[in-house]
Amino acid sequence: MRSFAKTLQFGVISVGILALAACASVSRPEGVTAADVPTGASKFATSLKIEVIETFEDVTAKTPAADLEAYQNIAITALNGKLSQEKLEVVAENADAPLKARIDVTVRKWNPLTGGSTVLKATVSNSAGKTLYSAEAAEVLHLIANGFDTKIALKTASERLASGLIDGLKPLRTPAS
């Protein structure tokens with residue numbers, strides 16, 4: 001009976017972790033209102049920083065430029081795909097846009113000791129620099145040690161982050177935006 005209870009407890013915890021990993025968390029500082037978001041705000045001027053971790057070491061500098069570019073393209077494509085459904089888009093960091101998004105991506109390459117994960121954190125501000133909200137999403141279930149699975153995890157986490165960006169912006173948008 002004790003073994004069954006432990007198995008059940010493990011199963012409940014696992015389901016909770018899976019449910020948590022399947023959504024993006026959004027947080028907003030106090031005092032942020034719809035007045036902080038310009039009317040018609042539909043573009044995020046986006047900066048993207050990618051960090052690659054192998055076991056416990058930052059290997060970003062050792063990662064081939066083509067891999068980093070592929071990670072960036074996957075993230076931006078997935079973000080734009082999901083955001084376009086809400087008539088929103090990601091544009092270049094230096095583009096003229098009413099919203100700014102700083103996105104930090106951490107790709108933890110799979111290994112038997114640490115597993116693998118992809119975590120994206122975004123901070124959204126208006127053009128005046130006031131932080132409007134932040135969103136975070138992750139995919140922690142890629143278990144096969146090859147780049148294909150890391151790329152799938154990055155795409156999935158990026159889509160979740162896009163959902164968080166949408167969820168964070170919805171209550172701040174005026175009807176005309």
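Here are some informal notes on this predicted model, point by point.

1. **Overall layout.** The chain has three helices and seven strands. Going along the sequence, the order is α-β-β-β-α-β-β-β-β-α, which puts a helix at the start and another at the end of that pattern.

2. **Whole-chain numbers.** Of the 177 residues in the chain, 36% are buried. The accessible surface adds up to about 9,900 Å², and carbon and sulfur atoms account for 57% of that area. If you take the contacts with a sequence separation of 6 or more, 70% of them link residues 24 or more positions apart.

3. **Strand pairing around β5.** Have a look at β5 (residues 99-111), which pairs with both β2 and β6. With β2 (residues 43-54) the pairing is parallel and runs over 11 bridges; one place to see it is Glu51, whose bridge partner in β5 is Thr106. With β6 (residues 115-126) the pairing is antiparallel, over 11 bridges. Here Ile103 is a handy marker, with Ala122 in β6 as its bridge partner.

4. **The nonpolar core.** The largest nonpolar core holds 34 residues, and those touching the most other members are Phe44, Leu79, Leu83, Leu132, Tyr133, Leu161 and Leu165. At least two core residues come from each of β2, α2, β5, β6, β7 (131-139) and α3 (147-169). The top contributor is α3, which gives seven residues. As a general point, nonpolar side chains tend to be buried together in soluble globular proteins.

5. **Phe44 up close.** Phe44 is one of the core residues that touch the most other members. Setting aside neighbours within four places in sequence, its contacts include Leu83, Tyr133 and Leu169. Also among them are Leu88, Glu89, Val90 and Val91, as well as Ala97, Leu99, Ala101 and Val124.

6. **Ala75.** This residue sits in helix α2 (residues 65-84). Ala75 counts as buried because its relative accessibility is 0%, and the cut-off is under 20%. Beyond residues up to four places away in sequence, Ala75 touches Leu48, Leu154 and Ser158. The C-alpha atoms of Ala75 and Glu159 are 8.2 Å apart, although 84 residues separate the two along the chain.

7. **Asp36.** You will find Asp36 in the loop between β1 (25-27) and β2. Is this loop residue buried or exposed? Asp36 counts as buried, since its relative accessibility is 15% and the limit for buried is under 20%. The side chain of Asp36 makes a polar contact of 3.1 Å with the side chain of Lys130. Apart from neighbours within four places in sequence, the residues in contact with Asp36 are Gly31, Asn126, Lys130 and Leu132. Leu132 also appears among the core residues that touch the most other members.

8. **Lys87, worth a second look.** Lys87 has a phi near 60°, a positive value in a residue other than glycine. For context, most residues other than glycine have a negative phi. Lys87 lies in the loop between α2 and β4 (89-92). With a relative accessible area of 72%, Lys87 is exposed, because the cut-off for exposed is over 50%.

Notes: Residues numbered from 1 in each chain as written. Predicted model: local features only at pLDDT ≥ 70, side-chain atom pairs only at ≥ 80, totals over all residues. Heavy atoms only, no water. Helix = DSSP H or I, 4+ residues; strand = E, 2+ residues; numbered from the N terminus. Buried < 20%, exposed > 50% of the residue type's maximum accessible area, 1.4 Å probe, protein only. Contact = heavy atoms within 4.5 Å. Areas by Shrake-Rupley, 256 points an atom, 1.4 Å probe, with all protein chains shown as cover. Pairing = 2+ DSSP bridges. Polar contact = N/O pair within 3.5 Å; in protein donor to acceptor, adjacent residues only side chain to side chain. Core = buried A, V, L, I, M, F, W, Y, C linked by side-chain atoms within 4.5 Å.
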